[in-house]
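Dear colleague,

I am handing over the structure we spoke about, with the sequence alongside. Please look through it first; my notes follow below.

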Amino acid sequence: MDRRELLGVLGATAAGLATVAGTSEARAAQHDKDDIHEKCAEDCLDCAKECNEGFHHCYKQVQAGKQDHAKAMHLCVDCGDICATAGKLVARMSPLMAHTCRACAESCDDCIKECEKHNDPEMKEVVESLRKCAKSCRDMVQAMGGR
């Protein structure tokens with residue numbers, strides 16, 4: 001092998017390695033993006049479930065004559081629907097997911113404020129789930145450039 005061939009082989013090898021390194025970085029970036037999507041979708045769908053359980057708890061409280069749980073009941077069921085919608089749109093990578101994530105985070109904030117007023121042990125898991133969901137949704141909006 002003469003000098004030119006050796007330099008050609010070395011150059012081709014370097015180009016190949018650079019391409020592989022670039023592809024690995026792209027895969028890592030895509031994996032991070034996929035992780036954000038997966039976490040947000042899961043947190044939203046978990047929150048929807050917890051909100052439905054919170055709705056049921058508040059419903060029983062209202063039935064027992066505790067009318068102060070009525071607003072929390074209403075917010076839980078509505079917020080649960082918004083969380084479920086956000087989770088579905090994130091899971092399918094909808095172009096509208098930033099809008100629903102922003103609305104979901106704000107809805108979770110409103111629901112947290114009302115649910116915390118009751119200092120109800122049964123609602124603690126709901127509140128924790130709402131906080132987690134709101135954070136994931138805000139992270140998603142941020143990852144999408146704040147759009």
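A residue is called buried here when its relative accessible area is under 20%, exposed when that area is over 50%, and partly exposed in between. Cys 104, with a relative accessible area of 0%, is therefore buried. Please keep in mind throughout that this is a predicted model.

As for the overall architecture, the chain contains four helices and zero strands, and, read along the sequence, it follows the pattern α-α-α-α. Of its 147 residues, 36% count as buried, and the accessible surface comes to about 9100 Å², with 56% of that area belonging to carbon and sulfur atoms. Among contacts between residues at least 6 apart in sequence, 74% join residues that are at least 24 apart.

The interior deserves a careful look. The largest nonpolar core has 36 residues, and those that touch the most other members are Cys 83, Cys 104, Cys 108, Leu 130, Cys 133 and Cys 137. The elements that each give two or more residues to this core are helix H1 (3-63), helix H2 (70-91), helix H3 (97-116) and helix H4 (124-143). In soluble globular proteins, nonpolar side chains tend to be buried together.

Helix H3 has 20 residues and reaches 28 Å from its first C-alpha to its last, which is close to the 28 Å expected at 1.5 Å a residue. Its buried residues include Cys 101, Cys 104, Cys 108, Cys 111 and Cys 115, but also Thr 100, Ser 107 and Glu 114. Once its neighbours within four places in sequence are left aside, Cys 104 is in contact with Cys 44, Ile 82, Cys 83, Ala 86, Cys 133 and Cys 137.

Cys 47, which is found in helix H1, counts as buried because its relative accessibility is 0%. With the neighbours within four places again set aside, Cys 47 is in contact with Cys 83, Cys 108, Ser 129, Leu 130 and Cys 133. Cys 47 and Glu 125 are 78 residues apart in sequence, yet their C-alpha atoms are 9.4 Å apart in space.

With so many cysteines named above, how many disulfides does the model hold? The count comes to zero, since a disulfide is taken to be a pair of cysteine sulfur atoms within 2.5 Å. The sulfur of Cys 104 has its closest cysteine sulfur in Cys 83, at 3.5 Å, and so is too far away for a bond. The sulfur of Cys 79 likewise has its closest cysteine sulfur in Cys 83, but at 3.9 Å, which is also too far for a bond. Cys 79 is itself buried, because its relative accessible area is 2%.

Finally, the structure holds one aromatic pair. Phe 55 and Tyr 59 form this pair, and their rings are stacked, with 6.2 Å from centre to centre and 25° between the planes. Both residues lie in helix H1, four residues apart, or about one turn of the helix. Phe 55 counts as partly exposed because its relative accessibility is 28%, and Tyr 59 counts as partly exposed because its relative accessibility is 37%.

With best wishes

Notes. Residues are numbered from 1 along each chain as its sequence is written. This is a predicted model: local features need pLDDT of at least 70, side-chain atom pairs count only at pLDDT 80 or more; totals for chains, interfaces and linings use all residues. Side-chain values use heavy atoms; hydrogens and water are left out. A nonpolar core is a set of buried Ala, Val, Leu, Ile, Met, Phe, Trp, Tyr and Cys residues joined through side-chain atoms within 4.5 Å. Buried means under 20% relative accessible area, exposed over 50%, partly exposed in between (1.4 Å probe, protein chains only). Contact means heavy atoms within 4.5 Å. The expected span of a helix is 1.5 Å times one less than its number of residues. Rings of Phe, Tyr and Trp (its six-membered ring) pair if their centres lie within 6.5 Å; planes under 30 degrees apart count as stacked, over 60 as edge-to-face and the rest as tilted. Accessible areas come from the Shrake-Rupley method with a 1.4 Å probe; for residues, only the protein chains shown count as cover.
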